[in-house]
Every structure is written in structure tokens, then in C-alpha cells.
Amino acid sequence: VSDGLVRRFAAARKDRSLAVLEGFHALKHAIRFGAEVTEAVASDPQLLERLARELAPDLAGSMAARVSEVGEEEIGELAPLAPRTGVVAIARRPAVDVAAMIADMRPAPLVLLEDPRTMGNMGACVRVAAAAEAAGVLTTGENDPWHPDALRGAAGLHFALPVARVDSLPEGERPLIAIDPEGEDLRTGELPRRAVLAFGSERYGLSPKLLEHADARVAIPMREGVSSLNLATSVAAVLFSGAFEPSIG
Ligand SMILES: C[S@@+](CC[C@H](N)C(=O)[O-])C[C@H]1O[C@@H](n2cnc3c(N)ncnc32)[C@H](O)[C@@H]1O
């Protein structure tokens with residue numbers, strides 16, 4: 001096992017300018033959405049070609065050439081849980097302009113995750129936000145939304161929309177909608193298309209400060225006895241709820 005390779009991947013895991021991509025789907029999405037991949041290694045480059053032909057024809061013919069071949073045991077040294085597709089890579093994180101994200105005039109909501117705790121949840125939120133063409137995902141709290149485990153949960157879709165951690169929500173003229181089990185049933189009103197949709201942490205929900213600042217508080221209806229939905233599930237339910245105001249034009 002090459003020490004240099006192991007060291008570079010270990011350093012990349014801690015480097016907030018880099019993203020570690022684990023598995024075929026993460027690498028596929030990163031490439032498709034324009035990531036600058038600086039290093040990629042795979043135990044079976046021909047498997048990547050077969051997967052690309054089946055699942056990503058847009059990348060077929062170029063996958064094997066993008067990776068250097070290493071042994072299977074080497075892949076095990078580069079990721080805590082070796083991906084079954086035997087590929088890991090390092091890419092540069094794109095620069096994110098948070099002010100531009102807030103000012104973005106397209107009729108698309110921004111997802112704000114307040115102090116999310118679970119990497120898999122953060123990744124699943126990014127994945128569904130990308131699918132729903134949200135304007136971006138912002139997180140508060142200590143956790144890095146670009147952590148390799150979050151990237152794995154998002155299948156690399158961090159490259160499809162802006163994703164950033166912020167200390168607090170920057171000012172802007174987007175309406176702030178608190179998504180909270182104690183809110184008004186989301187079916188009874190219309191969500192502004194450019195809203196900041198704020199979701200709370202897995203254990204504690206939204207902070208009193210955020211609830212106080214919110215322009216409205218909206219709930220996903222649930223059967224009696226169910227206390228709440230999982231964070232990422234609630235992001236999916238709201239983004240695909242059809243509860244947004246009609247687009248103009
Ligand atoms: C697991 S829940 C937090 C549960 C927390 N004990 C609470 O009471 O808010 C995580 C986040 O998902 C969202 N959420 C979950 N179920 C919801 C529902 N039925 N309506 C609105 N938001 C919900 C909220 O943003 C919540 O803060």
C-alpha cells in the first residue's frame with residue numbers, strides 16, 4: 001500500500017477545501033456536475049466502465065481512463081467502509097457565494113438545516129434538494145455538510161447545487177418559513193417559491209430564536225400518535241408537496 005496515497009486521502013478527509021468521494025455514484029454525480037477531480041483510484045476500472053454503460057451512458061467510455069488502478073486492499077485503506085464499487089476520489093470543493101445564493105432570483109427555495117447532527121441525514125437532504133432543484137442547502141452548527149459521510153449519503157450531489165455551512169442565517173429578503181410539527185398544516189396555504197425553508201435538528205427541532213424570526217410556521221400533517229418525521233424525509237415531503245405558490249409567467 002502506497003504511504004503517499006493513504007496520507008493524501010487521510011489529509012483530504014480533514015481539508016475543508018477538498019471533498020472525498022466514495023463509490024461509483026458519488027464520483028459519477030461529481031463529474032456530471034462539473035467537479036474538479038484531482039485524484040481517483042479504483043480496484044477494477046473495467047467495472048466502472050460497465051456501471052457507466054448501464055447507469056450513466058453520458059460517462060461511458062471515459063470512466064476507466066479517469067482512475068488509476070490500485071489493489072482492493074488499498075481501497076480498504078482509503079475509506080473506513082470500502083465502497084462496493086471499489087472507487088474513491090478526491091475533488092476540490094467549489095467556492096460557494098452565500099450572499100449570491102440568498103440573492104438568487106430564481107423561483108426556488110433554499111433549504112436551511114439548523115444544527116443537523118447526522119451525516120447521513122445531511123447527505124439525504126442535499127440529495128433531495130438537488131433532485132427538487134432547490135436553490136441550495138445551508139447548514140448551521142458544527143458539522144461540516146461536506147464531510148465524506150454526508151457526501152456518500154448525497155451520492156455526490158453536493159456538486160449539483162450550492163451547499164455551505166454558515167454561522168447564522170445571513171440577512172436577505174427571502175421569507176423565512178419554519179418547518180415544524182407545531183405549525184399550520186402546509187396544505188392550507190401556499191409556500192413562497194423563494195422561501196428559506198428551515199428544518200430543525202434531529203433531537204431538538206428548531207431553536208426558539210429561529211421560530212421567533214420566522215414569517216410562518218408550517219407542519220407536515222401526520223397521523224395522531226406520530227411525533228415527527230425524520231429530518232431528510234421532512235425535507236423531501238415539503239419540497240415535493242406541491243404546496244408552493246404558482247410560478248409567475
Ligand atoms: C426529527 S424532527 C425533530 C423533532 C423534534 N423533537 C421536534 O419536536 O421538532 C427534525 C425536523 O424535521 C422537521 N419535521 C419533522 N416532522 C415534521 C412535521 N410533521 N411537520 C413539520 N416539520 C417536521 C422539523 O423541521 C424538525 O425540526
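**One aromatic pair, two sets of strands and a ligand**

Let me begin with the aromatic rings, where the count comes to one aromatic pair. The two partners are Trp146 and Phe159, and since their ring centres are 5.3 Å apart and their planes stand at 85°, above the 60 degrees that the label requires, the pair is edge-to-face. Trp146 belongs to the loop between β6 (136-139) and α8 (148-153), while Phe159 belongs to the loop between α8 and β7 (163-165), so the pair ties together parts that are 13 residues apart in sequence. As for their surroundings, Trp146 has 4% relative accessibility and therefore counts as buried, and Phe159, with a relative accessible area of 9%, is buried as well. I should say at this point that what we are looking at is a predicted model, and that the values I quote are computed from it.

Let me turn now to the strands, beginning with those towards the start of the numbering. Here four strands form an open sheet, and reading across it the order is β1-β4-β2-β3, with mixed pairing. The edges of this sheet are β1 (18-22) and β3 (68-69), each of which pairs on one side only. Between strand β2, residues 36-42, and strand β4, residues 87-92, there are six bridges, and these two strands pair in the antiparallel sense. If you would like a place to look on the screen, find Glu39, which stands opposite Ile90 in β4.

Further along the chain we come to strand β8, residues 176-185, which is joined by four bridges to strand β9, residues 196-199, the two running parallel. Within that pairing, Ala178 stands opposite Ala198 in β9. Strand β8 is also joined to strand β10, residues 216-219, and there the strands again run parallel, with five bridges between them. One residue to pick out is Glu184, whose bridge partner in β10 is Val218.

That leaves the ligand, and you may ask which residues are the closest to it. Of the 18 residues that surround the ligand, the closest are Ile179, Gly200, Ile220, Met222 and Leu229. Looking at individual atoms, a polar backbone atom of Ile179 is 2.5 Å from an oxygen atom of the ligand, and a backbone N or O atom of Leu229 lies 2.9 Å from a ligand nitrogen atom. A side chain takes part too, with an N or O atom of Ser234 placed 3.2 Å from an oxygen atom of the ligand. Taken alone, the ligand would expose 560 Å², and the protein buries 85% of that.

Key
Residues are numbered from 1 along each chain as its sequence is written. This is a predicted model: local features need pLDDT of at least 70, side-chain atom pairs count only at pLDDT 80 or more; totals for chains, interfaces and linings use all residues. Side-chain values use heavy atoms; hydrogens and water are left out. Two strands pair if DSSP finds at least two bridges between them. Rings of Phe, Tyr and Trp (its six-membered ring) pair if their centres lie within 6.5 Å; planes under 30 degrees apart count as stacked, over 60 as edge-to-face and the rest as tilted. Buried means under 20% relative accessible area, exposed over 50%, partly exposed in between (1.4 Å probe, protein chains only). A residue is near a molecule or strand if one of its heavy atoms lies within 4 Å of it. A polar contact is a pair of N or O atoms within 3.5 Å; within protein, one must be able to donate a hydrogen and the other to accept it, and residues adjacent in sequence count only if both atoms are side-chain atoms. Accessible areas come from the Shrake-Rupley method with a 1.4 Å probe; for residues, only the protein chains shown count as cover.
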